[in-house]
Amino acid sequence: MSSKRRVTNNLPRAMKAIRDVRALSQEDFSLVSSRTYMSTVERGLKSPTLGKLEQIASVMQIHPLTLLALTYASSASPNAAAEMFDIVQRDVEKLWPGAD
């Protein structure tokens, strides 16, 4: 990633925001995680694996990339997600020629 880009990794804030929008409690994730684990992730004390993020996103009824997009999107720009996806698309095209 370019050193000129400022990356904001705020998974705890993104998870809490999605839970609030979906009206989900930490207990609603009991089939994939404990309330204690969810709390430690939301406080930034633990980092979930990609597999765990997929399970969490499933309970939230969103695609895992949506969770990651909200994690890395800057709140400074209303178009942050679109700008980020443009960057990702260019990166994918450079790294995986022929991908659409």
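Buried means under 20% relative accessible area and exposed over 50%, with partly exposed in between (1.4 Å probe, protein chains only). The model is predicted: local features need pLDDT of at least 70, side-chain atom pairs count only at pLDDT 80 or more, and totals for chains, interfaces and linings use all residues. Residues are numbered from 1 along each chain as its sequence is written, and side-chain values use heavy atoms, without hydrogens and water.

**Exercise 1.** Determine how many helices and strands the protein has.

*Solution.* Helices (H or I, at least four residues) and strands (E, at least two) are DSSP runs, numbered from the N terminus. The protein has five helices and zero strands. Read from the N terminus, the order is α-α-α-α-α.

**Exercise 2.** Determine which residues of helix H3 (residues 50-60) are buried, and explain their arrangement.

*Solution.* Step 1: the buried residues of H3 are Lys52, Leu53, Ile56, Ala57 and Met60. Step 2: they lie on the same side of H3 because they cover an arc of only 135° around the axis, the arc being that of the directions from the helix axis to the C-beta atoms. Step 3: an α-helix has 3.6 residues a turn, so residues three or four places apart point the same way. Step 4: the exposed residues Glu54 and Ser58 sit on the face of H3 turned away from its buried side.

**Exercise 3.** State what covers the buried residues of H3.

*Solution.* The cover, in terms of contact (heavy atoms within 4.5 Å), includes helix H1 (11-22), helix H2 (35-42) and helix H4 (64-72).
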